[in-house]
Amino acid sequence: MLRNSVFRTACSGFPSMPGLRSSLAPSLLWQARRHLATVKAHEILEAKPAKATSSDQWLKTVQGVDPFSKTQSRVYGSSTSSAVEDDPSADKASTCSEHHNHELEHSIRDFLSTTRQRPRAGLKADELVVKCPVCSPGKSRRLAYSAHLNTNTGAFVCTGCFEQGSWDKYQELAKRRNFQNTIPKSRATDPLPFEFAETTLMQLQANLANHEEIYAALTGQEKGQLRLRPSVLAQYGVGLGFVNTAVPEILDLEALAEGCDNSVPCLVFPRTAFRTNSFIESSKDSGAVSNTGRARGQESAALSSMIEEEEDVSDPTGVAASPSEFCTVQLKIVGWNIADLEMYVPVDEAQPGLFGFHVASAESPDIILTGHELDAVAAYQETGIPAVSLPKGPYQLPLDAMRALERYERVYVWLDDNHQGAAAAELITRKLGVDRCMVVHTKGGDPQGPKSASIALARGLDLTSILERSQPVQHDKVLDFSALREAVKFEVTNPDLIRGVESTDLPGWNASFKGLRPGELTILSGATGSGKTTVISQMSLDFCKSGVSTLWGSFEIPNVRLATRMMSQFAKRDVSKAPGDIDYWSRKFEQLPMYFLKFHGSTKPDTVLETMRHAVYAYDVKHIIIDNLQFMMSMQAKGMDKYDAQDAAIATFRQFATDEGVHITVVAHLRKDQPASDVDINSIFGSAKVTQEADNVVILQRYGNSDSKVRCLNVLKNRFDGTLGKIYISYNPETLGFTEIPPPRKRKSIKIIKSAVRLSMADRLVAEAEVGGSFDDIIDDQGNELASVSERPLR
């Protein structure tokens with residue numbers, strides 16, 4: 001059983017998280033992806049899917065029925081269905097099945113009650129979100145609920161550690177001591193999920209309507225205004241709050257709604273989910289309090305205004321849902337005209353939800369997936385197709401969101417029409433299944449066209465026509481020039497737009513490499529103790545803050561020590577000197593899309609590669625760091641074989657970066673016999689294949705004496721545009737990071753000019769004029785006076 005060692009952890013505590021014991025081989029999953037098929041969440045939860053001898057056997061799936069539903073039927077030809085109708089034992093089999101399901105429901109209900117869990121409703125009709133029996137120990141009670149349990153089959157899968165299996169396996173794992181320690185000692189159950197006051201949600205929506213400037217920018221029909229209908233904004237529950245920038249953490253929702261003197265306006269986007277489901281309702285007595293703490297039948301005023309159908313066309317699809325069917329589980333707060341202001345309440349996503357989930361009707365066969373909330377509002381308003389937005393940035397599709405999209409026959413992926421958006425759309429369509437996904441190109445081949453749905457609406461374009469021009473993703477192994485023509489034209493005419501994600505800490509890196517691009521392999525080398533890990537941790541954190549999902553593989557430094565250093569770099573100060581702030585910075589750091597490999601020391605490359613595949617699939621990882629190659633490959637081979645093993649690992653990483661569209665940075669040592677002053681591209685440990693396979697080669701060198709804090713990033717290879725050069729940086733012990741500095745002026749030292757006698761004033765002046773320096777008298781080891789030139793820039 002393969003253990004997936006991907007784990008994500010808050011910086012305080014860093015609980016251990018056992019990995020995946022998968023009954024579905026990861027290699028099979030990725031083999032299916034390469035053949036343009038995706039293993040979906042409901043297929044993982046099914047015990048044993050029926051084997052089909054031909055792709056034509058799978059004729060249809062009953063429409064409008066949830067994939068997890070026990071009433072779902074899969075028809076393999078008309079003869080199969082007629083045989084079932086004529087079979088006299090069908091009723092008996094159905095009765096046995098109902099009896100089994102009834103027993104299973106009782107077993108699940110009793111066990112959850114025994115372990116004092118308070119299950120949440122999942123994003124599927126017959127799913128429960130329960131505690132994971134493997135990774136919940138060490139987590140807070142709110143975050144421990146990460147396993148999705150199918151109430152019809154008893155199968156479960158955890159989206160945190162990927163543990164999965166049957167109901168019997170869940171009970172067996174839950175009997176372990178670690179899980180037993182998570183059961184509340186008192187007779188009370190776990191705390192209630194986070195609950196928003198209805199008056200606060202209503203006030204946020206009222207704030208938007210009362211703010212003339214922002215409301216006009218969203219609903220106005222003039223040039224530069226978004227032209228969104230007020231009824232659709234109200235249906236999605238978009239509101240307006242006020243955040244005090246001096247306190248970058250929201251602790252009081254009433255203050256968010258009312259504001260203060262130093263607050264700035266922010267748009268508020270609610271993420272909604274099912275309030276309850278039939279399983280939870282059947283587990284409660286009449287009039288009992290639900291899992292959300294609200295009595296049965298109690299209406300939600302805020303959601304009522306979001307869902308109810310108005311006289312003007314506020315609900316193009318005619319969705320009519322009970323106001324109490326959905327609840328708000330999280331608020332996303334984005335600053336108005338403030339680029340870096342983005343917050344979540346609550347910070348942790350204790351119950352999965354999506355913006356626009358309450359609008360998406362179960363009867364609708366299609367859905368639109370956008371990268372931004374206002375794009376979803378615009379797309380729904382103009383096309384009438386329900387639209388939701390990605391919950392974790394414009395380029396990430398987590399597993400929870402995938403599960404919510406399973407029931408739709410067609411998914412329109414409508415992300416930003418740029419280089420990054422195109423790469424993310426291709427990855428998302430592969431995860432959802434390319435056969436049912438269509439990619440929308442807002443620009444339509446026009447380099448000056450709008451990049452998103454909301455901008456297109458603001459320009460008065462017809463979004464329905466843009467949607468109709470959507471295209472499926474082509475096979476990734478066969479291309480003709482017609483498929484490359486527009487991309488070639490775009491790259492030639494827009495060289496600045498094809499740049500990768502740029503660094504904010506090191507502008508010189510952008511000048512040389514033009515940003516971080518997917519599909520490339522970078523080799524970072526340097527002498528022992530030169531600061532390779534410090535540099536790459538700072539740069540990876542820099543890209544991560546720009547939305548690049550990052551996977552760290554630290555084979556030399558323990559993850560706890562690495563994350564502590566990175567959190568100090570993130571806070572721009574040494575957090576160990578302020579223990580009282582550790583919880584605050586841990587919560588802030590946890591919001592970053594940063595993940596870690598749970599490996600240390602010698603590890604087989606195949607094991608690392610399999611785990612990287614899981615991370616790319618589950619977390620949309622775009623940047624992978626291997627630190628370092630020699631530690632990972634130690635003890636894997638001896639003698640000359642170790643060079644062959646290292647070459648094979650580099651070739652594997654090179655191919656992985658190309659196939660999966662990720663950027664891989666590998667840290668490698670220099671050869672021990674190489675003088676520090678003669679370092680070049682051939683100085684990296686191993687054969688020439690290491691640098692031949694790489695797209696970029698950078699060597700970190702110490703500048704000056706051994707105590708100098710100045711370093712030089714020497715760019716020796718750049719396959720993108722060939723730009724080479726040196727980037728000078730200086731270490732700051734206060735922030736535990738590097739700062740770029742101007743190139744130091746060249747200096748020249750002259751050791752001895754004349755010995756034995758002191759120079760006369762005339763000789764001194766002549767010598768200073770010749771060498772451009774000043775002389776100081778010193779004494780050699782034998783006590784003789786020597787005249788030496790102090791280090792000074794030459795004239």
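## How the labels were earned

Me: Why is cysteine 266 called buried?
Reply: Its relative accessible area is 0%. Buried means under 20%, so cysteine 266 qualifies. Please keep in mind that this is a predicted model.

Me: How do you know how many disulfides there are?
Reply: A search through the whole structure turned up zero. Take cysteine 135 as an example: the nearest cysteine sulfur belongs to cysteine 132 and lies 3.5 Å away. A disulfide needs the two sulfur atoms within 2.5 Å, so this pair does not count as one.

Me: Is cysteine 135 buried or exposed, and what makes you say that?
Reply: Cysteine 135 is buried, because its relative accessible area is 0% and the limit for that label is under 20%.

Me: What makes valine 488 "partly exposed"?
Reply: The relative accessible area of valine 488 is 40%. Partly exposed covers the range between the buried limit of 20% and the exposed limit of 50%, so the label fits valine 488. You will find this residue in helix α18, which spans residues 481–493.

Me: Which residues form a nonpolar patch with valine 488, and what qualifies Val488 for it?
Reply: The patch is made of Phe481, Leu484, Val488 and Val492, and together they have about 390 Å² of accessible area. Patch residues need over 30% relative accessible area, and valine 488, at 40%, meets that requirement.

Me: What can you tell me about the surface and interior of the protein chain as a whole?
Reply: The exposed area of the protein chain is about 36600 Å², with 52% of it supplied by carbon and sulfur atoms. Of the 795 residues, 52% are buried. In terms of secondary structure, there are 27 helices and 28 strands.

Me: What is in the largest nonpolar core?
Reply: This core has 91 residues, and Met612, Ile624, Phe653 and Ile664 have the most contacts inside it. Helix α23 (residues 605–619) gives the largest share, eight residues. Another core, of 37 residues, lies apart from it and includes Met566, Tyr584, Trp585 and Val698. As background, nonpolar side chains tend to be buried together in soluble globular proteins.

Me: Which residues does isoleucine 664 contact?
Reply: Setting aside neighbours within four places in sequence, isoleucine 664 is in contact with Glu520, Leu521, Thr522, Met612, Ile624, Phe653, Phe656 and Ala657.

Me: Why is leucine 415 called buried?
Reply: At 4%, its relative accessible area falls under the 20% limit, so leucine 415 counts as buried. Leucine 415 sits in the loop between β15 (410–414) and α15 (419–432). Among the residues that leucine 415 touches beyond four places in sequence are Leu369, Leu390, Pro394, Ala424, Ile428 and Thr442.

Me: How do you know how far leucine 415 is from glycine 371?
Reply: The C-alpha to C-alpha distance is 5.1 Å, while 44 residues separate the two in sequence.

Me: What makes arginine 403 and glutamate 127 a salt bridge?
Reply: Their closest N and O atoms are 2.2 Å apart. The pair connects distant parts of the chain: arginine 403 is in helix α14 (residues 399–404) and glutamate 127 in strand β5 (residues 127–131), 276 residues apart. A salt bridge requires the nitrogen and carboxyl oxygen to be within 4 Å, so this pair passes. The structure holds 12 salt bridges.

Me: Are those two partners buried or exposed?
Reply: Arginine 403 has 3% relative accessibility and glutamate 127 has 1%. Both values are under 20%, so both residues count as buried.

Me: What about lysine 169 and glutamate 163, which meet in a salt bridge?
Reply: Their N to O distance is 3.0 Å, which lies within the 4 Å limit. Lysine 169 is partly exposed, because its 23% is above the 20% limit for buried. Glutamate 163, at 0%, is buried.

Me: How do you know that aspartate 620 and lysine 431 meet in a salt bridge?
Reply: Their N to O distance is 2.9 Å. Aspartate 620, in the loop between α23 and β20 (623–627), and lysine 431, in helix α15, are 189 residues apart. The cut-off is 4 Å, so the pair qualifies. Aspartate 620 is buried at 2%, and lysine 431 is buried at 0%.

Conventions:
Residues are numbered from 1 along each chain as its sequence is written. This is a predicted model: local features need pLDDT of at least 70, side-chain atom pairs count only at pLDDT 80 or more; totals for chains, interfaces and linings use all residues. Side-chain values use heavy atoms; hydrogens and water are left out. Helices (H or I, at least four residues) and strands (E, at least two) are DSSP runs, numbered from the N terminus. Buried means under 20% relative accessible area, exposed over 50%, partly exposed in between (1.4 Å probe, protein chains only). Accessible areas come from the Shrake-Rupley method with a 1.4 Å probe; for residues, only the protein chains shown count as cover. Patches are made of residues with over 30% relative accessible area and no salt bridge: like charges are joined within 9 Å, nonpolar side chains (Val, Leu, Ile, Met, Phe, Trp, Tyr) within 5 Å. A salt bridge is a side-chain nitrogen of Lys or Arg within 4 Å of a carboxyl oxygen of Asp or Glu. A nonpolar core is a set of buried Ala, Val, Leu, Ile, Met, Phe, Trp, Tyr and Cys residues joined through side-chain atoms within 4.5 Å. Contact means heavy atoms within 4.5 Å.
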